Amino acid sequence: MFDDAIVGAGIVGLAHAYELAKRGRRVVVLERSPRAVGASIRNFGMLWPIGRPAGESRELALESLAIWRDVLQSTGIWFEKSGSLHAARSDDEARVLKEFAEQANQDSFACEWLDPASVVARSPRVRLEGLIGGLFSPNEICVDPRRVVAELPLKLARDFEVAFVFGAEVVEVDPPRVRTANGDEYRAKNVIICSGSDIGRTFPNAFAEIGLVPCKLQMMRTAPIAEPLGPMLAAGLTLKHYPGFAACPSLAHLIQRFEREFPRHVELGIHVLVSQTPEGELTIGDSHEYGPAIEPFDKTEIDDLILSYLNLFFDSSDLKIASRWHGVYLKHPSADYAIARPAEGVILVNGVGGAGMTLSFGIAARTANEILGIKAAHTHAHTIANAEFPASRHAEHAENANAEFPASRHAEHADKSATEPVFQRNDP
Ligand SMILES: Cc1cc2nc3c(=O)[nH]c(=O)nc-3n(C[C@H](O)[C@H](O)[C@H](O)COP(=O)(O)OP(=O)(O)OC[C@H]3O[C@@H](n4cnc5c(N)ncnc54)[C@H](O)[C@@H]3O)c2cc1C
């Protein structure tokens, strides 16, 4: 009998496995594919608090990043504290970025306006001609999503004895019973469903009630380039895309210009971001096509629009596109993410949209706290409680919380002071 069964080995499932196992719980992760191949391996690997609006949402992102850092440092999985750079090529873009910087610095989210020469010093491929300046933020972290999703299960199994079962499609959840398509049965007190864009067969009504919107994104990766990218890159169109900039007074005016000058980009939800893998490849994207009818076919028009916009601010003349793909996520229309409790002992975590890498560990810490009865979690989530957790169970977990954290299993991490501060920070 496990304490917790997690459905899905994408980043949301892995983060939940980590947060629960680090508290001493016996965890099994059931993943339908031989290896996870959903949104979590298809993204930029941008841990991107700058995209979140100030307040609770950014706090959740920063909490999440603190846990990410602990995880990455303690496991040795590759990451780079590259920060981010938004290049401005017009006065209206610069105005929005400066408004953002002023407010962000007041909110202790340090970032810095750079003149054109300083932008190019940090990011040599940014085009100097026509550049007005750029916003550098040291807060963002780059990971290689494919590495994280491949390596983290091995580390969780080794360090925390998390059991992973790949090729196990969950078709029925009725705690403590969890049944897979091939008839195997697992037993767990709680089941956390982190099934990404697949609403699955288990609780379709709960998904329908949350009202998640699917979104398809097209992406590309280049052959390696010799030089380092520097900070992860963004430019003007990104200011329209991320809610982090929504409070800037000049944004509405800028968006009107984009609608006039880049109507197709706006229509297809295109903005351009660039990150770099440790091998030197550039990951470039993306587009946003919303709605239930996700086409399997990618549009060359979208790739061309992405690359032509990239070439406006970045010297991409010698780049060779080595691969193309698309990813799909589910997004909640207004909240950072969605939580549903469709049956006793079942928690459904979804709707993280385009910030799932960034927010996953912060969300998972809240779920783990909820399960352990540590505090009322999941603020800033859209929550549906069809079956409330009985109070008695919360009390039982709260009493047992420390006893369930066996020192021996965590000695290695405690030495590196990796897990303990996180656990305490999330305590009431
Ligand atoms: C192109 C793209 C770029 C992005 N860029 C970024 C970025 O740079 N930064 C950022 O913060 N976010 C980014 N995101 C968002 C982020 O990738 C997602 O929010 C996040 O990966 C979602 O993780 P997940 O675990 O919920 O889903 P997934 O990664 O899709 O994992 C869900 C898993 O559940 C499994 N599963 C489903 N049903 C079952 C079942 N019945 N039984 C067993 N297993 C099941 C699936 O096989 C899958 O492996 C991007 C997304 C995309 C698509």
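## Exercises on a predicted protein model

G353 sits in the loop between β20 (346-350) and α11. This is a predicted model, where local features need pLDDT of at least 70 and side-chain atom pairs count only at pLDDT 80 or more, while totals for chains, interfaces and linings use all residues. Residues are numbered from 1 along each chain as its sequence is written. Helices (H or I, at least four residues) and strands (E, at least two) are DSSP runs, numbered from the N terminus.

### Exercise 1: two loop residues

Task: Decide whether G353 and F262 are buried, exposed or partly exposed.

Solution:
- Step 1. Start with the rule: a residue is buried if 20 or more other C-beta atoms lie within 10 Å of its own, exposed if 12 or fewer, and partly exposed in between, with C-beta atoms placed from the backbone.
- Step 2. G353 has 21 other C-beta atoms within 10 Å, so G353 is buried.
- Step 3. Now find F262, in the loop between α8 (251-261) and α9 (263-267). F262 has 18 C-beta neighbours inside 10 Å and therefore counts as partly exposed.
- Step 4. Look at who lies where. Two residues are in contact if their C-beta atoms, placed from the backbone, lie within 7 Å. Leaving out residues up to four places away in sequence, G353 touches C215, Y329, K331 and H332.
- Step 5. Compare sequence with space. G353 and A39 are 314 residues apart in sequence, and their C-alpha atoms are 9.6 Å apart. For F262 and Y309, the separation is 47 residues in sequence and 9.5 Å from C-alpha to C-alpha.

### Exercise 2: a pair of helices

Task: Describe how helix α1 (residues 11-21) and helix α11 (residues 356-372) meet.

Solution:
- Step 1. Take the axes, which are lines fitted to C-alpha atoms, for helices over the stretch in contact; angles run from 0 to 180 degrees between N-to-C directions. The two axes come within 8 Å and cross at roughly 40 degrees.
- Step 2. Classify the angle: under 35 degrees is roughly parallel, over 145 roughly antiparallel, 65 to 115 roughly perpendicular, and the rest oblique. α1 and α11 are therefore oblique to each other.
- Step 3. List the contact. On α1 the residues are I11, V12, A15, H16, Y18, E19 and L20, and among those on α11 are G356, M357, F361 and I371.
- Step 4. Ask how enclosed α1 is. Of its 11 residues, 11 are buried, so α1 is largely enclosed by the rest of the structure.

### Exercise 3: strands and a sheet

Task: Work out the strand order of the open sheet that three strands form, then look at a hairpin.

Solution:
- Step 1. Recall that strands of a sheet pair through backbone hydrogen bonds, either parallel or antiparallel. Two strands pair if DSSP finds at least two bridges between them.
- Step 2. Read the order: β3-β8-β4, with antiparallel pairing. The edge strands are β3 (46-47) and β4 (79-80), each pairing on one side only.
- Step 3. Check one pair. β4 and β8 (residues 141-143) are joined by two bridges, and F79 stands opposite V143 in β8.
- Step 4. Add a helix: α2 (residues 56-75) lies across β3, β4 and β8, at about 50 degrees to β8.
- Step 5. Turn to β10 (residues 170-174) and β11 (residues 177-180), which run antiparallel and are joined by four bridges. Their hairpin connects through two residues, and D174 has R177 in β11 as its bridge partner.
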